[in-house]
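Student: Please give me a close look at the single part of this model where strands and helices come together, with the criteria behind each term.

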Amino acid sequence: MNRRDFLKGALTLAALAPVSRLAAKAGIDGDKTSDVATGTQVTRRRYKETALTVPLLGFGCMRLPQISVDKPDVDHVTVRKMINRAMKAGCNYFDTAYMYHDGLSERCLGELLQAYPRDSYYLTDKMPMWFAKNSGDVERIFQEQLSRCKTNYFDFYMLHALDTANWELAQKYKAYEFLARMKKEGKICKLGFSFHDTPEVLQKIIDAQEWDFAQIQLNYLDWELYRSREQYEILTKAGIPVIVMEPLRGGALASLSPDATGILRKAAPQSSNASWGLRYVASLPNVLCVLSGMTLPEHMEDNIRTFSPLKPLTDVERKTLDQALATYRKQLAVPCTACRYCMPCPVGVEIPKIFGLYNQYKISSNKWLFRNNYNAIPEDSRASACVNCGKCMRHCPQKIRIPEMLKKIATELEN
Ligand code: SF4
Ligand code: SF4
């Protein structure tokens, strides 16, 4: 651990010390993690055996509030309030990326986090290999990110969305070697990767290099569906802490279907669907931080409540969640998480919006509502406008056969 990590962890522990308690050891490979919680602050988890602690709830900045639907600019006024609220609750982990909000997420954090001492929060960013045409681009993008974020270093930094293709690009352009050099120079504290592929590819990547952490898609729907359980187990066995992305599958598990929601409400009338999903992943002991893409202040309040302190799921609650999941799975049509990696489509098809509406329709069977919302999409951006070029599929982490699915939707619902 470098000096900055030590200071940040030690400061946090010192601040919490009078009222904190160390929760039961989490029991991975002995005692690598432990929880630190108070009633007013989100539970923190220790990074391996070090003094560094990370809030279990991280602020994912991929879906920040926007000024309006037509104006993609990030709503700085609301984000400022949310950052202030997060910091007050000890939720001091901010996750951004080069392409979130077309670069505006990095810029927004760069501006608004200036209000806080650099040692008081963690800033995470990622290298998008698909934007690089050579090794020089890797360095250029990294420097651009430092400048957008108005910082000299990143606390956590990742190779973004590694799959077979992006890992090959990373190797070709020696991205790991460059980032390892940045780590030596103090511009990166912890080096890891985010991941979207099979457990077999994951194993290859962790065998190839040394990693401080990995970020994977983990939620109760994907645990078996997307083979997330195997990924989690591989990383745990390798002693690599896990950061969770898509704990609510792009918000889908926050809304669920009426039938599935009914099962959860009956068991806990006061708990939101989101809190069930977040508690599910946060109960896993090798999870260091759970990223939630909080778009509204209300989301943040609910999440902070869930994590202050975290109450791991009981066996009875797990059974309830299993029942809700079984009900929900019967109704889900497209496994889209609305991550927007497939965008922009060269002819302008609104892919995630269409899939979101289609899933809503399949769950509610409300054709009228679907048509109403679908007709608000310009005609040349609807499913039938797809020319089957295949570009979007190369970037879809969920491996959805997008053109086929669009064709199906157009045939089923456009006429
Ligand atoms: S396959 Fe269709 S939806 Fe995908 S990028 Fe090409 S035109 Fe757009
Ligand atoms: S289709 Fe795939 S890439 Fe596009 S938003 Fe959905 S999950 Fe993301």
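Tutor: Two strands count as paired if DSSP finds at least two bridges between them, and both helices (H or I, at least four residues) and strands (E, at least two) are DSSP runs numbered from the N terminus. This is a predicted model, in which local features need pLDDT of at least 70 and side-chain atom pairs count only at pLDDT 80 or more, while totals for chains, interfaces and linings use all residues. Residues are numbered from 1 along each chain as its sequence is written, chains are lettered from A and ligands numbered from 1 in the order written, and side-chain values use heavy atoms, leaving out hydrogens and water.

With that in place, strand β5, residues 57-60, runs parallel to strand β12, residues 287-293, and four bridges join the two. Within this pairing, leucine 57 of β5 faces valine 290 in β12. The pair belongs to a closed barrel of eight strands with parallel pairing, in the order β5-β6-β7-β8-β9-β10-β11-β12. On average, neighbouring strands of this sheet are turned by 30° against each other, direction ignored.

From the strands we can pass to the helices, beginning with one that lies on the barrel. Helix α4, residues 135-148, lies across three strands, namely β7 (122-127), β8 (154-162) and β9 (188-195), and runs at about 155° to β7. Such angles, from 0 to 180 degrees, are taken between N-to-C directions of axes fitted to C-alpha atoms, for helices over the stretch in contact.

Three helix pairs, which share members, can then be followed in turn. The axes of helix α2 (residues 76-88) and helix α3 (residues 104-112) come within 11 Å of each other and cross at roughly 60°, and α2 and α3 are therefore oblique to each other (under 35 degrees is roughly parallel, over 145 roughly antiparallel, 65 to 115 roughly perpendicular, the rest oblique). On the α2 side, the contact (heavy atoms within 4.5 Å) is made by His76, Val79, Arg80 and Ile83, and on the α3 side by Cys108, Leu109, Glu111 and Leu112. By class, the contact of α2 with α3 holds five nonpolar, one polar and two charged residues, where Ala, Val, Leu, Ile, Met, Phe, Trp, Tyr, Cys and Pro are nonpolar, Asp, Glu, Lys and Arg charged, and the others, Gly among them, polar.

Helix α2 also packs with α13: the axes of α2 and α13 come within 10 Å and cross at roughly 10°, so that α2 and α13 are roughly parallel to each other. In this contact, Thr78, Met82, Arg85 and Ala86 of α2 meet Pro297, Met300, Glu301 and Ile304 of α13, and the residues involved divide into five nonpolar, one polar and two charged.

The remaining pair brings in helix α12, residues 273-282, which packs with helix α13, residues 297-307, at an angle of about 45°, the two axes being 10 Å apart. That angle is why α12 is oblique to α13. From α12, the contact takes Ala274, Ser275, Leu278, Arg279 and Ala282, and from α13 it takes Asp302, Asn303, Thr306 and Phe307; the contact of α12 with α13 has four nonpolar, three polar and two charged residues.
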